[in-house]
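Good morning, colleagues. Please take a moment with the sequence and the coordinates before I begin.

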Amino acid sequence: MKNPIFQAIHLYREREQRKWREENLEVISRIRSESFGANTEHLTYVHILDLHKDGVIKPHIDSIRYCGDVITGVSLLSDAIMRLRHQNQKDDLIVDLLMPRRSLYRLGGAGRYEFTHEVLGTTESVWHGKNIPRDRRISIICRDLPKSANRQPDSELVLKPIPEEM
Ligand code: OGA
Ligand code: MN
C-alpha cells in the first residue's frame, strides 16, 4: 500500500491478505460484523502487521484516502498500549488503551478522526504503574472503504499478490 502512515511504523513486516481458510474467515467475518455498521462496504483485504518486539507505531491518523470511518484490529502474541492524542492538544489530551493479546479494538468517530493513535514501545508501556512488556505483536486489521470522494485515481491501492492461503 502506498500509504504515508507506514513511515510511522518501525521494525515491522506487513502483508495484505484477501484469501483466508474457512475457519479464519469466520473470525474475520465476526470482526467485521461487530465493528462495521450494517451494509458498510469494507476493504476486501485484511492488513496483517507484524511488529518486532522493539518496534513501535508512531502517532498518525490513517489517511482518508485509504480508509473509511472505522479501523478495527485484533492484537496477537503481545499485550500493548495504544495511545490516542488529540491532534490539536497532543500533550494535554491523551488516552491510553490497554490492548491485551487477543483483544479486539475499534477506532471510530473522534477516535478515528480527531486523535492520532500510536503503539508504544516496551519502556513506555506502563499501565496503572505496572510495566507491560512488549513482545513481537501481530495485528490483524480490517478497515472499511474510503469514501468515494476521497479515493483518488492516481493513488489506487496497490495490492501485492499473495501466493497462497494462510
Ligand atoms: C496502522 C495501525 C495499529 C495496530 O497500521 O495504521 O495503526 O493495531 N496499526 O497494529
Ligand atoms: Mn493506523
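**The metal site and its surroundings**

Histidine 60 lies in strand S2. Before I go further, I should state that this is a predicted model, and everything I say today should be taken in that light.

Is histidine 60 buried or exposed? Its relative accessible area is 10%, and because the limit for a buried residue is under 20%, histidine 60 counts as buried. Its side chain also reaches the backbone oxygen of lysine 58, at 2.9 Å.

Histidine 60 has a further role in the geometry. Which residues coordinate the manganese ion, ligand 2? They are His60 through NE2, Asp62 through OD and His117 through NE2, at 2.1 Å. Along the chain, the donors of this manganese ion follow the spacing H-x1-D-x54-H. Aspartate 62 is buried, as is histidine 60.

Let me now place this site within the fold. The secondary structure of the protein chain comes to two helices and ten strands. Read along the sequence, the order is β-α-β-β-β-β-β-α-β-β-β-β. Of the 166 residues in the protein chain, 43% are buried. As for contacts between residues at least 6 apart in sequence, 82% of them join residues at least 24 apart. The protein chain exposes about 9,500 Å², and carbon and sulfur atoms supply 51% of that area.

I turn next to one pair of strands. How do strand S4, residues 80-86, and strand S5, residues 89-99, run with respect to each other? They run antiparallel, and seven bridges join them. Methionine 82, for instance, has leucine 97 in S5 as its bridge partner. The connection from S4 to S5 is a hairpin through two residues.

Two loop residues deserve a remark on their backbone angles. Leucine 77 is found in the loop between S3 and S4. Its phi is near 75 degrees, a positive value in a residue other than glycine. With 46% relative accessibility, leucine 77 counts as partly exposed. Arginine 102 lies in the loop between S5 and strand S6, which spans 104-107. Arginine 102 is not a glycine either, yet it has a positive phi of about 75 degrees. At 64% relative accessibility, arginine 102 counts as exposed.

The last topic is charge pairing. Side chains of opposite charge can pair when their charged atoms come close. How many salt bridges does the count give? The count comes to seven, and I shall describe three of these pairs.

The first to discuss is aspartate 50 with arginine 136, whose side chains meet in a salt bridge at 2.7 Å, N to O. This pair links distant parts of the chain: aspartate 50 belongs to strand S2, residues 46-60, whereas arginine 136 sits in the loop between strand S9 (130-131) and strand S10 (137-143), 86 residues apart. Aspartate 50 is buried, with a relative accessible area of 11%. Arginine 136, at a relative accessible area of 35%, is partly exposed.

Another pair is aspartate 69 with lysine 147, where the side chains meet in a salt bridge at 2.4 Å, N to O. Here too, distant parts of the chain are linked: aspartate 69 is in the loop between S2 and strand S3 (71-76), and lysine 147 is in the segment after S10, 78 residues apart. Both ends call for the intermediate label. Aspartate 69 is partly exposed, with a relative accessible area of 34%, and lysine 147 counts as partly exposed at 40% relative accessibility.

The remaining pair I wish to mention is aspartate 91 with arginine 85, in which the closest N and O atoms of the salt bridge are 3.6 Å apart. Which side of this pair is buried, and which is exposed? Arginine 85 is buried, because its relative accessible area is 16%, while aspartate 91 counts as exposed at 65% relative accessibility. Finally, salt bridges that share partners join Arg13, Asp50 and Arg136 into one network.

To close, I would return to two points. The manganese ion (ligand 2) is held by donors from His60, Asp62 and His117. Strand S2, in turn, contains histidine 60 as well as aspartate 50, and aspartate 50 takes part in the network with Arg13 and Arg136. Thank you for your attention.

How values were computed: Residues numbered from 1 in each chain as written. Chains lettered and ligands numbered in written order. Predicted model: local features only at pLDDT ≥ 70, side-chain atom pairs only at ≥ 80, totals over all residues. Heavy atoms only, no water. Salt bridge = Lys/Arg side-chain N within 4 Å of Asp/Glu carboxyl O. Helix = DSSP H or I, 4+ residues; strand = E, 2+ residues; numbered from the N terminus. Buried < 20%, exposed > 50% of the residue type's maximum accessible area, 1.4 Å probe, protein only. Contact = heavy atoms within 4.5 Å. Areas by Shrake-Rupley, 256 points an atom, 1.4 Å probe, with all protein chains shown as cover. Polar contact = N/O pair within 3.5 Å; in protein donor to acceptor, adjacent residues only side chain to side chain. Donors = N, O, S within 2.8 Å, 3.2 Å for Na, K, Ca; no water. Pairing = 2+ DSSP bridges.
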